[in-house]
Structures are given as structure tokens and as C-alpha cells.
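Colleague: I am new to this structure and would like to be taken through it step by step.

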Amino acid sequence: MTHIAPSLLAADFLNLSQEVEMVNSSDASFLHLDVMDGVFVPNISFGFPVMDAVARISTKSLDVHLMIVEPQKWVSRVRDTGAEFMNFHWEACTHVHRTVEQIKTAGMKAAVTLCPATPVMLLKDIITELDMVLLMSVNPGFGGQRFIPHTLKKVKELRALIKETGSHALIEVDGGVDLETAPLLVDAGTDILVAGSHVFGSSDPREAISRLHSL
Ligand code: DX5
Ligand code: ZN
């Protein structure tokens with residue numbers, strides 16, 4: 001069984017409450033929220049008012065993926081949404097270790113995200129402090145992009161690093177996850193699959209989540 005985190009970015013924003021209720025009644029483990037600032041990534045999505053509203057009705061834990069510069073400025077505000085995981089990008093943060101400590105002190109689980117061109121080995125001195133690593137399998141900024149195959153090699157490298165160091169970090173992968181790529185990711189050692197367009201673009205999103213979950 002694989003943990004699934006549907007990405008709300010691909011949902012129908014005019015019917016957000018029904019979309020969140022669908023996820024509530026599904027086999028999903030988390031609800032993945034993509035925050036984009038138009039600076040770190042070439043797109044703007046949604047911010048705290050939307051996240052607070054979603055948090056009020058979500059029965060799933062929130063997995064907040066910040067695609068923003070200076071993520072350390074927003075730790076307490078993210079905590080106030082009730083998020084379980086705060087994901088921030090290694091590429092967007094100078095003091096990664098300090099930010100991880102701040103997230104954990106605030107009572108959240110800390111996750112560092114790596115873009116496709118960022119090597120896994122950059123995490124070797126911090127992996128034991130992390131609750132999760134999110135490997136991007138597309139360049140962040142948009143849903144519906146094609147999966148980058150070398151992510152599979154990165155998942156295996158990360159799995160080996162986690163084993164070697166005794167880290168408890170979970171491995172999450174985000175971007176281009178569908179029924180073709182998901183089994184490959186699970187075989188490589190992925191714990192949590194984020195899926196946006198595959199789930200919300202499906203005629204039966206709940207069933208799409210179940211099928212991914214059963215891998
Ligand atoms: C992309 C986001 C993803 C996105 C995934 O920057 O981080 O979470 O919603 O979308 P799909 O599953 O459509 O690739
Ligand atoms: Zn994401």
C-alpha cells in the first residue's frame with residue numbers, strides 16, 4: 001500500500017469544498033497544497049486564505065509544498081493552518097538546517113524538496129534531521145507536465161542514503177504521477193505519491209486514488 005497525496009492544484013476551484021470532501025472520503029493519506037509565489041517558480045497559485053478554508057473541512061493531514069523564496073519567513077503562518085508537513089525547496093533557502101529546526105520547533109514535520117537538477121547527496125549531512133524528502137519529478141510550477149525518468153535513479157539513491165544513515169525520512173515524489181509511472185516509483189522505494197491531474201482529471205477521482213494506493 002502506497003500513501004497518496006492528491007494535489008489540490010488540479011482541482012475545480014469553483015467547487016473546492018466538494019473536491020476536498022472527495023479527498024476526505026478517499027484512500028488518500030494527505031492533501032497536498034502547492035503554494036507558488038511567481039518568483040521561485042514562474043506561476044502563482046494560492047495562499048493562506050485558501051489554505052485556511054481548506055484546512056477547516058479537510059479530514060486529511062495537510063502536506064504544504066512551498067514553491068516560494070525565503071520559506072523561513074512563513075513557518076509560524078504555515079503552522080497556523082494546522083499543516084502536518086511543511087515542505088520547502090533546498091534551492092530557495094540558504095540556511096536549510098536552521099529552517100528545518102524552526103519547522104520542528106513549531107510542531108510540524110520538516111520536509112526538504114529537491115528540483116530535478118539538484119543532487120540527492122546534498123542532503124547527506126541533514127538527512128537524519130528530516131521527516132520527509134520530496135523529489136520533484138517535473139520542474140516545479142505547473143501541473144500536468146511529463147514525468148522526468150531520472151527521478152527513479154534519485155529515489156534509489158535516496159533510499160540507500162536513508163538506509164545507510166538510519167534516517168526515518170519518508171520519500172515523496174511529485175509530478176507526472178500516473179498509472180504508468182507510479183509502479184516504477186513504488187518499486188524504486190517511494191513512500192508517498194503526489195498526484196494532481198491524474199486524480200482530478202479522472203472521471204472517478206476516488207477510484208483513481210484507490211488504484212494508486214493499492215500499488
Ligand atoms: C508542481 C506541483 C505539483 C503538481 C503535480 O509544481 O508541485 O504538486 O500539482 O501535478 P501533476 O500530478 O499533474 O503532475
Ligand atoms: Zn507539489
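**Surface, fold and one helix**

Modeller: The chain exposes about 9400 Å² (Shrake-Rupley method, 1.4 Å probe), and carbon and sulfur atoms supply 53% of that area. This is a predicted model, in which local features need pLDDT of at least 70 and side-chain atom pairs count only at pLDDT 80 or more, while totals for chains, interfaces and linings use all residues. Residues are numbered from 1 along each chain as its sequence is written, and side-chain values use heavy atoms, with hydrogens and water left out.

Colleague: What radius of gyration does the chain have?

Modeller: The rule for a globule, applied to C-alpha atoms, is 2.2 Å times the number of residues to the power 0.38. With 215 residues, a compact globule would therefore have a radius of gyration near 17 Å, and the value for the chain agrees with this, being 16 Å.

Colleague: On which side or sides of H6 do the buried residues lie?

Modeller: In helix H6, residues 181-188, the buried residues (under 20% relative accessible area, 1.4 Å probe, protein chains only) are Thr181, Ala182, Leu185 and Ala188. Because they cover an arc of only 125 degrees around the axis, taken from the directions from the helix axis to the C-beta atoms, they lie on the same side of H6.

Colleague: What covers the buried residues of H6?

Modeller: Cover is judged here by contact, meaning heavy atoms within 4.5 Å. The elements that cover them include helix H5 (151-165), strand S7 (170-174), strand S8 (192-195) and helix H8 (205-213).

Colleague: Which residue follows H6?

Modeller: The residue after H6 has a positive phi, near 120 degrees. That residue is Gly189.

How values were computed. Chains are lettered from A and ligands numbered from 1 in the order in which they are written. Buried means under 20% relative accessible area, exposed over 50%, partly exposed in between (1.4 Å probe, protein chains only). Helices (H or I, at least four residues) and strands (E, at least two) are DSSP runs, numbered from the N terminus.
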